[in-house]
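Biologist: I'd like to go through how a few pieces of this protein sit against each other. Can you pull it up for us?

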Amino acid sequence: MTVSATSGAIDLGGTKIEARLFDAGLNSLQTRRIDTPTTSYAAMMEALCAQIDWLLEQSGQADLPVGICVPGVIDPESGIAFAANVPITGENPGQTLAHRYGREFPLENDCMALALSEANGGAGEGYSSVVGLIMGTGVGAGFALSGSIPMRHGGIAVEIGHIGMPADILARHGLPVSPCGCGRKGCMERYVAGSGLGRLSEWLTGTAVAGPEVVSRAAAGDARMAMVLDVWTELAVECLLTLQLTLAPQCIVIGGGVSRMPGLVERLQAALAVTDFGALRLPQLRIAEHGDSSGARGMALLAVARRKMQKDI
Ligand SMILES: [Zn+2]
């Protein structure tokens, strides 16, 4: 039994369901990862419940506060979910869990959970408005205001990855209006996600080079890969500028695979500084402090806060 666990959280992803136990200081104590069954909602929920059971057993507390983040949208009024990579669309996971356990489990979008985590004891600590930008396989963002997640109509996160890249930039570099998995074309994530860097190398040089290799080759003096990285930077800055023009956060915390790129913050901050946009006050850029555990950490935080709120009532 874990001696000091005071909360738990589950990060439900398209490939893994990760359960974590946290102590009172939100330090990660124990982790268990299992594959995400994607065949049906029932199979996925069975696996999710196995992870919840593990958290309750390990902590020795049947009423342990446990929050769950999902890669999608949960309507705050109906509880109905919508997600592209896990089979929960049209289902009500909160209700399914309430029937099974006789209690509530807070559910939130994973990008919102990251923003919440980083705004509280993370890279966004001390800023009253924080965007958490995940640049991984895809691109998505969340927003924390005064250390909390603001109410969003329909429960939607900050879907920056599915806003179109400005046509003039694509035209300037001869880039295609690339079809996205969401059904639209020219979405930002097609160009600025980790996989976008690989796509850019193919479009710009005719040779497909994986994202991390573009970065290492550019660092080793490969002029063509340095050019690919420069174009990627220009596109990524457009993504940051769009966040600034719509949400005006004081700080943008970057998570996901791309955040491991050496010198990323310096590269983006320098490129952002020279954007000619009048007297626009630019955000501070930071790398997520809690890395891959940040989403779960945000959910543990939320679960504890909800429990406290219930007790106060
Ligand atoms: Zn899209």
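**Helix packing and one glycine**

Modeller: Sure, and keep in mind that this is a predicted model. Helix α8 (residues 223-247) and α9 have axes that come within 9 Å and cross at roughly 70°.

Biologist: Are α8 and α9 roughly parallel or roughly perpendicular to each other?

Modeller: Their axes cross at roughly 70°. Angles of 65 to 115 degrees fall in one class, so the two helices, α8 and α9, are roughly perpendicular.

Biologist: How many residues of the contact of α8 with α9 are nonpolar?

Modeller: On the α8 side the contact includes Leu229, Trp232 and Leu240, and α9 brings in Leu264 and Leu268, among others. Set aside 1 polar and 2 charged residues, and the nonpolar count is 10.

Biologist: Which hand is the crossing of α7 past α8?

Modeller: Helix α7 (residues 211-219) packs on α8 with the axes 7 Å apart, at an angle of about 120°. That makes α7 oblique to α8. As for the hand of α7 passing α8, the crossing is left-handed.

Biologist: Now Gly257: is this residue buried, partly exposed or exposed?

Modeller: Gly257 is in the loop between β10 (251-255) and α9 (264-273). Buried would need under 20% and exposed over 50%. Its relative accessibility is 38%, so Gly257 counts as partly exposed.

Biologist: Which residues is Gly257 in contact with, leaving aside neighbours within four places in sequence?

Modeller: One pointer is Thr137, 120 residues apart from Gly257 along the chain, with the C-alpha atoms separated by 7.7 Å. Leaving aside those neighbours, the contacts of Gly257 are Met135 and Gly136.

Key:
Residues are numbered from 1 along each chain as its sequence is written. This is a predicted model: local features need pLDDT of at least 70, side-chain atom pairs count only at pLDDT 80 or more; totals for chains, interfaces and linings use all residues. Side-chain values use heavy atoms; hydrogens and water are left out. Helices (H or I, at least four residues) and strands (E, at least two) are DSSP runs, numbered from the N terminus. Buried means under 20% relative accessible area, exposed over 50%, partly exposed in between (1.4 Å probe, protein chains only). Contact means heavy atoms within 4.5 Å. Axes are lines fitted to C-alpha atoms, for helices over the stretch in contact, and angles run from 0 to 180 degrees between N-to-C directions. Angles under 35 degrees count as roughly parallel, over 145 as roughly antiparallel, 65 to 115 as roughly perpendicular and the rest as oblique. Ala, Val, Leu, Ile, Met, Phe, Trp, Tyr, Cys and Pro count as nonpolar, Asp, Glu, Lys and Arg as charged, and the others, Gly among them, as polar. A crossing is left-handed if the near helix is turned anticlockwise from the far one by less than a right angle, and right-handed if clockwise.
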